Structures are given as structure tokens and as C-alpha cells.
Amino acid sequence: IPAGNTPPPLGWQVVDGEDPPPMIHVAKHSLFMKRQEEKASEGAVPTKKKPSRLQVLSKAASEPRLPRIRPPAHIAHAVILPQLSDQARVTQDKAPYKKMVCSFRVVLSRPSARVPWGVVWSDEAFKQSGSRIVGAMKDGSPVTRWNTWQKVRGRSGCCVQAGDQLVRVDGLWAYYDAEVGINDANEAMLAIDKGESSEAGRSIVLEFLRPVLRPPIPAAPQLEAWDSMGHLVINFRLAASRIPYKILGWALCIVDLDRGLWFVVDGASRAAIFLGVAGSDCGALDPEITKLHVSHGLASNRTYAVCVSCLSPRGWSAFSELSRPKHLSHALSSLDENTRTVPLEDPWQERPRFAVPAELVPGASSPVQLRFGARDFLGSLRRIRIRTVVQGCTRGLHKETDLCSIGDGVALLVERIAEDSMLAKWNEEKKEQYAFTVHGAEVAPYLRAGDLIIRINGTSGAAGMLKELKRCPDTLAIVLERRSGGGGSNESDLSQQDQLEDSLFPIDNRLDVDAVQAAETIQWYTLLSPNEAILAARLVESEPQ
């Protein structure tokens, strides 16, 4: 999908430093011009002299002219889109918020081609225009696990919802007559025949469109380089003066044009941090800010440019276009960076948080608004539910009845597991094969001290589970719960127990290993104009008219 604002229907892009730029005059219809020439030939010959080249140049210098520009790089910019009427254009310019279309990417993984992606397309929309509109999602599928981990990270805007339209698959246009990756069809059967270890059809990247209401793009800030102090000075006054809505915060990104590296400025420390390190969770700058000095995190003899985004009650706007580049000859040394003062506690306790997409396009990309509060797995009190299968004898398992009510019965509390027992050896194998870490918390389908066993081979209740254990079957299908996070989740007081009732978090051993890693980084999140989105949607539909 092409990025950036839709330029005038001339197919041009701005280029600074070239003079003189061309002049554009309103042309008349060819038939009208021909009639005027015929009338002029029949009448008297005009007596005005032809102006000299010097007179033309001097007159052109005082006339408004368009800047010189390069040919377009995207198909959407080269197509002449329908223009708004005068009344509609005035109404849109005065409105504080504009109708836009959000384009975001979803990265899904699955253990093999036997597992469907879980997206159910709307049949009615596909029959009418060939468009793939999300109608529903299957439980326990890769797309629902993507949504689950995005909610854990506080990014509800990146979750797939009913009504989203698919436009790209693995970077290619998702045409109506093409299959969405390797799904449940002949290609999936070929991938299955190659074996479960085959990488064919195990991952997919989907790009969706969703209509949103967002504030307009702010103007580019003014950038200055103070070599004597090693600072970049960013002036927000011009950008703030043109914003007709209440500003709740700023997001500032800096690009090193010599190396092509992006940095994001943290709102609390005012330091420029590499986007790959701090891009998933950043703090907004104060809304009252008018000028900002940034020095820490920058390098000497580099050329920098900046872009900003502003937060409104409707969400974040797209990043502005890049400012004019400035060369910073001298930056602070490492000794000065180590001696800088960083606030121990953020004075703005409710500072808005945001995430920056890895592929940042000025004029199109937008920050992703994060939920206020804990945004990691251990930040909230959770009852992690894990399903596992134990092979062999369970000797060495020491348990007792837990009187705490879990779900619909009484659970068994695992006190300890005897060393050198068969169960202990089985646990070590499970750790090596299936263990993975989520924000510092180890999640693996094995038994350990403190776990609550709530079901064994479909039997619940303490008496029934103890009876099943005494039979010593060869295979035990165990459902256990593990309390984690929240700081003191092992307490058994009444308030803690009430909080646990609504915090059940099931773990999918097949999908969560890859889903956790895919959900950590936001690859693409842009705001398109309605015309650009309509063009992208019509390209993949069966009825482009």
C-alpha cells in the first residue's frame, strides 16, 4: 500500500534546492481555445509587443509557483483520484477529525499446515464484490492467539476485528481469485505430505484495512543543530499552532539520514533511544512543550531530521513529514552521557504510552496507543491454565488437597516432586522441548511445586483425581493452574481469591511459542486517506468499478 499523503493529481514530489521551479496555469478546454483562436484571427491583430525573456522572468519571480518535484514512486500517487466539491472540502478542512483508514499487519504462525489460520470470511461480501471481510474468528486458532497476546501488551488497535478487510498476503495483493496463503486446499495437502517438520505454510503475514476517525497530520517541526552544546533543538510551535483540537501529548522520532537509523525520544528522560530497543513501549512528551533539547543518544558528524505525532482524544495522528535536515558536528561524549541526570520517578504518573512501528514512514505511519497500566505478562495477577500429558508412572509426586475452590471443584496442590524419580526426569525433558519465556515468566507444560491440578483424564474433584492416580495409568492428561504475577499471587486471602476468579489465562502449547515472539514487534501501522484505501481495496476485488 503506498504511504504518505495524496499529493495534487500531477504526479509530483517536492525536491528542495532546485530553482527555478515550473509555473502552472489553469488551461482551458481545447475546443474553447480553438474557437477563441478563430475569432482572434478574424478580428484586429493585437498591438501589444511580445514581452522579452527578462520581463517574463522578473514577472514570474513574483508569482506563486509550485516547487520542482520528482516522478511518483507509488501507483496511488500517480492515479487522478476523484476531487471533493467546494462545500465538502470546506467541511473537511474545518472538522477537527478526519475519516481515515488504518492499515496494519498481522504475523501468524502455526505448527503445521493442518492447523487453519482461524479467519472466517464473510460470504455475503465475497459474493457481492469479491472482497475478503473478516466475519468471525475460530477459538484456539493462530489469529485468536495473536489477539490474546496483543491485549496482554495493551495494543487493542492491532487486534483483528470483524469488519476488517484483507488487502495483502505476504507482501502481495490478495486478489479475490487467489488463495490466502496455504490454507485447507490442495497446497495444504502437499505441505502435509512433506512432513510436519516442513516450513511450508507455517507462517503468514496479513495486511488489513479498517476505517478510523483520527486527527489530521501536524506540520513538520522546526529543527536546529547547536554544535557548541551538542544539542538538537526541536521547535513545536508551528506544529501546535495548526492543530484545531486538544493536544494530550507528543511523539517525537529522529532519523539518522547517514545510517538510516530511527530513534524515539522518551517523554520522561528526554533521551533518544534506538527504535528497535524502545519502540514497543514509549512515553509521550508533555502536551505543553514548545521547544525540546535532545542530546543523549545522538552521534557526532551525522545528519538528522525529525517528525512528530500528536495525541488527541480520538487517538494518535500520523507522523508529520520530515523536517529540514540539520548536520550535528559535535555530540556529547560517553562520559557526559553517563553523568546526565535521569529522573528517578516520572513526575507525570499517567503519562500516555505508545508503540512505534518498525517500518516508519513519515507522513503515513502512526503510533499505536497502549493501554494504561501493566502491559507485561507478570504485571497482572493471572491463573495460567496449562494442559499437559504425562507418560509413565507418577511416582514421586507429593500432593495434598487444596481447599480453595477452583472452577467447579476442589484441586490437588503439588507440594514437591521427589528427585531422581521418573516424574522428575519427565519434567526435565518437557523443559528442554516445550519451555518458553514470556516477559521473564517461564511457561512450560510440566509439573512443579505450587501447581494446582484441577482435572486428570477428564475427572475433576479431589476424590476422583486421587482415585485416578492410584490406578497408575500409562498416560495422564492433566489440566493444571499456576498462579503468577501481580506481586503476591500466592496469598490465599479472600480479596486475592476474588481477583483470581476473573483472571483465567489459558496457554496453548502449540501456538503460543511463536505467537509471543510475533506479537512483540509491530511491523506496519499506517493511516491512509480514503482515496488511497479505496484504490487498494478495488485492486483486489472482482468488481473494481
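In this predicted model, Arg 105 has Glu 207 of strand S8 as its bridge partner. The two residues belong to a longer antiparallel pairing, in which strand S3 (residues 98-109) and strand S8 (residues 203-214) are joined over 12 bridges. Strand S3 also pairs with strand S29 (residues 525-528), again in the antiparallel sense, through 4 bridges. Within this second pairing, Ser 103 of the model is matched with Thr 526 in S29. Strand S3 is thus a convenient place to begin a tour of the model, with bridges to S8 and to S29.

A further sheet can be followed from edge to edge. Three strands make up this open sheet, in the order S14-S19-S20, and their pairing is antiparallel. Strand S14 (282-283) and strand S20 (368-369) each have a single partner strand and stand at the edges, so one side of each lacks a neighbour in the sheet. Strand S14 is joined to strand S19 (residues 353-355) by 2 bridges, the two strands running antiparallel. One of the residue matches here is that of Gly 283 with Arg 353 in S19.

These strands are part of a protein with 15 helices and 29 strands. The protein has 545 residues, of which 43% count as buried. Its accessible surface comes to about 29,400 Å², and carbon and sulfur atoms contribute 52% of that area. Among contacts with a separation of 6 or more, 76% are between residues 24 or more positions apart.

Turning to the interior, the largest nonpolar core contains 30 residues, and Trp 149, Phe 377, Ile 453, Ile 478 and Ile 507 have the most contacts inside it. A second core, separate from this one, has 28 residues, including Leu 108, Leu 166, Ala 518 and Tyr 525. Around Ile 478, once neighbours within four places in sequence are set aside, the contacts are with Ile 386, Arg 387, Thr 388, Val 390, Leu 447, Ile 453, Arg 455 and Ile 456. Val 390, one of these contacts, also offers a reference point for Pro 473: the two are 83 residues apart in sequence, while their C-alpha atoms are 9.8 Å apart in space. Pro 473 is located in the loop between helix H12 (462-470) and strand S27 (475-484). Despite its place in a loop, Pro 473 counts as buried because its relative accessibility is 14%, under the 20% limit.

Aromatic side chains add another layer to the picture, with 6 aromatic pairs in the structure. In one of them, Phe 236 and Trp 250 are tilted with respect to each other, with 5.1 Å from centre to centre and 55° between the planes. This pair links distant parts of the chain, 14 residues apart: Phe 236 is in the loop between strand S10 (231-235) and helix H8 (237-241), and Trp 250 is in strand S11 (residues 249-256). Both Phe 236 and Trp 250 are buried.

Arginine side chains also meet aromatic rings face-on. Arg 168 lies over the face of Trp 173, 4.1 Å from the ring centre. In another such arrangement, Arg 382 is placed over the face of Phe 505, and here the distance to the ring centre is 5.3 Å.

Key:
Residues numbered from 1 in each chain as written. Predicted model: local features only at pLDDT ≥ 70, side-chain atom pairs only at ≥ 80, totals over all residues. Heavy atoms only, no water. Core = buried A, V, L, I, M, F, W, Y, C linked by side-chain atoms within 4.5 Å. Buried < 20%, exposed > 50% of the residue type's maximum accessible area, 1.4 Å probe, protein only. Contact = heavy atoms within 4.5 Å. Phe/Tyr/Trp six-rings, centres within 6.5 Å; stacked < 30°, edge-to-face > 60°. Lys NZ or Arg CZ within 6 Å of the ring centre and 35° of its normal. Pairing = 2+ DSSP bridges. Areas by Shrake-Rupley, 256 points an atom, 1.4 Å probe, with all protein chains shown as cover.
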